[in-house]
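Visitor: I would like a close look at one part of this model, followed outward into its surroundings. Please take it slowly and keep the geometry explicit.

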Amino acid sequence: MELAERETERPIESSVNFDRGFRPKTYSLESLISRFEREANLRGLRPKTIHSYSFSLRTFFQETGLNPETATVEKIQRYVSRVSREKKLSASSQNLLISALRFFFIKVTKTFINLDLERPFKLRNYPEILTKDEVQRIIDSAKTLKHKAILTLIYSSGLRVSEAVELFPSDLDIEKRFIRVRSIEPQRQRMTLLSDFDLSVVEKYLSKLGNPKFLFPGQDSLNSMSIRSAEKIFEVAKIRAGIQKKVSIHSLRHSYANQLLSEGTSLKLLQFLLGHKNLQTTQFYAEGPWLSYAKVG
């Protein structure tokens, strides 16, 4: 470890060819991280992902002293195995590290065509699912019409709570049964369906809403309801409904996906409705307790 730390005190030398004309004779740790961040932004990685990958890569280069020219699959795998053991990394942390290294060496520097690193086996913890009757009981137990409406929309359209609180009244098209889902990331904006589930609650809420900026305004009418407030609404309604399952407001989205799979909805359509960037993410719903419901196509 001391040798690796001494090596990183000087610039890392390399004559590797980089894409887009990036070919310095020597480069520092910061130039590597900067190169990664530029490429990650160009490819549309989420800010949280970029931050996590950047931290992992910085640690890797600091602890190994490797560069794109001297790195080999064996050296990288030994590093992953060693730090996973010494730092007792969870399966999720190991997978994040491997994903960061693969992105850098395959996408950024093109050092490898493929970087086949052994990933840890992870037992998946499948979330508990609410039945339609349990969802109805929770909604009926919510204290106000506003509370009932936001829980109904999250379930009936499979929204993330962060998406629900940012809705504008104009985002709902009751007649055509569509919802425009907004996002700060343009590629994540989408249109999704508004189902008939308890639609009368939403229609009644809209008729009494007035003309606020947000569909679900917070205490300050110029701002939206906070995510934490929406979570609290669910928690209180769940207790009032006598639901003992370990579920959160996000379980409404899981339950929506489960309901669609049970009705024979294809994974590709479910991917579109949930706003998943990759089909692999949606595949989660076709595993474990929901496998028999899935229909790919």
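Are Tyr205 and Phe216 buried or exposed?

Guide: Both Tyr205 and Phe216 are buried, and since this is a predicted model, that statement, like those that follow, describes computed coordinates. A search of the whole structure finds 13 aromatic pairs. One of the pairs, formed by Tyr53 and Phe103, is tilted, with 6.3 Å centre to centre and 55 degrees between the planes. That pair links distant parts of the chain, Tyr53 being in helix α3 and Phe103 in helix α5 (residues 91-108), 50 residues apart. Tyr53 counts as buried at 14% relative accessibility, and Phe103 is buried as well, with a relative accessible area of 10%. The pair you asked about, Tyr205 and Phe216, is stacked, with 5.4 Å centre to centre and 15 degrees between the planes. Here too distant parts of the chain are linked, for Tyr205 sits in helix α9 and Phe216 in the loop between α9 and α10, 11 residues apart. The two descriptions rest on a pair of quantities, because a pair of aromatic rings is described by the distance of the centres and the angle of the planes. Elsewhere, Phe60, Phe61, Tyr79, Phe104, Phe105 and Phe112 form one aromatic cluster.

From the helix that carries Tyr205 we can pass to the nonpolar interior. The largest nonpolar core has 50 residues, and those with the most contacts inside it are Ile150, Leu151, Leu153 and Leu252. Helix α9 (199-207) is among the elements that each supply at least two residues of this core, as are α6 (132-141), α7 (145-157), α8 (161-164), the strand β4 (178-181), α10 (227-241), α11 (251-262) and α12 (267-274). Of these, α7 gives the most to this core, with six residues. Leu151 illustrates how such contacts are distributed: leaving aside residues up to four places away in sequence, Leu151 touches Ile138, Ile139, Ala142, Ile233, Phe234, Ala237, Ile249 and Leu252. Apart from this core lies another, of 29 residues, among them Ile50, Ile98, Ala100 and Phe105; Phe105 is also one of the residues in the aromatic cluster named above.

The strand β4 deserves a separate look. It has a covered face, made of Ile179 and Val181, and an uncovered one, made of Phe178 and Arg180. Strand β3 (residues 172-173) and β4 pair in the antiparallel sense over two bridges, with Leu172 standing opposite Ile179 in β4. These strands form a hairpin with four residues between them, and Arg177 in the turn has a positive phi of about 65 degrees. β4 is also joined to β5 by four bridges, the strands running antiparallel, and Phe178 stands opposite Leu193 in β5.

Strand β5 leads on to the charged pairs. Side chains of opposite charge can pair when their charged atoms come close. Arg190 forms a salt bridge with Glu163, the closest N and O atoms being 2.8 Å apart. This pair links distant parts of the chain, with Arg190 in strand β5 (residues 190-193) and Glu163 in helix α8, 27 residues apart. Arg190 counts as buried at 9% relative accessibility, and Glu163 counts as buried at 6%. Salt bridges that share partners join Arg160, Glu163 and Arg190 into one network.

In total, the count comes to 11 salt bridges, and two others may be set beside the one just described. The side chains of Arg58 and Glu30 meet in a salt bridge of 2.5 Å, N to O. Arg58 lies in helix α3 (residues 47-64) and Glu30 in helix α2 (residues 29-42), so this pair ties together parts that are 28 residues apart in sequence. Arg58 counts as partly exposed at 25% relative accessibility, and Glu30 is partly exposed too, with a relative accessible area of 46%. The side chains of Glu86 and Arg82 meet in a salt bridge of 3.1 Å, N to O. These residues are separated by about one helical turn, because Glu86 and Arg82 are four residues apart in helix α4 (residues 73-86). At 23% relative accessibility, Arg82 counts as partly exposed.

Key:
Residues are numbered from 1 along each chain as its sequence is written. This is a predicted model: local features need pLDDT of at least 70, side-chain atom pairs count only at pLDDT 80 or more; totals for chains, interfaces and linings use all residues. Side-chain values use heavy atoms; hydrogens and water are left out. A nonpolar core is a set of buried Ala, Val, Leu, Ile, Met, Phe, Trp, Tyr and Cys residues joined through side-chain atoms within 4.5 Å. Buried means under 20% relative accessible area, exposed over 50%, partly exposed in between (1.4 Å probe, protein chains only). Contact means heavy atoms within 4.5 Å. A salt bridge is a side-chain nitrogen of Lys or Arg within 4 Å of a carboxyl oxygen of Asp or Glu. Rings of Phe, Tyr and Trp (its six-membered ring) pair if their centres lie within 6.5 Å; planes under 30 degrees apart count as stacked, over 60 as edge-to-face and the rest as tilted. Two strands pair if DSSP finds at least two bridges between them.
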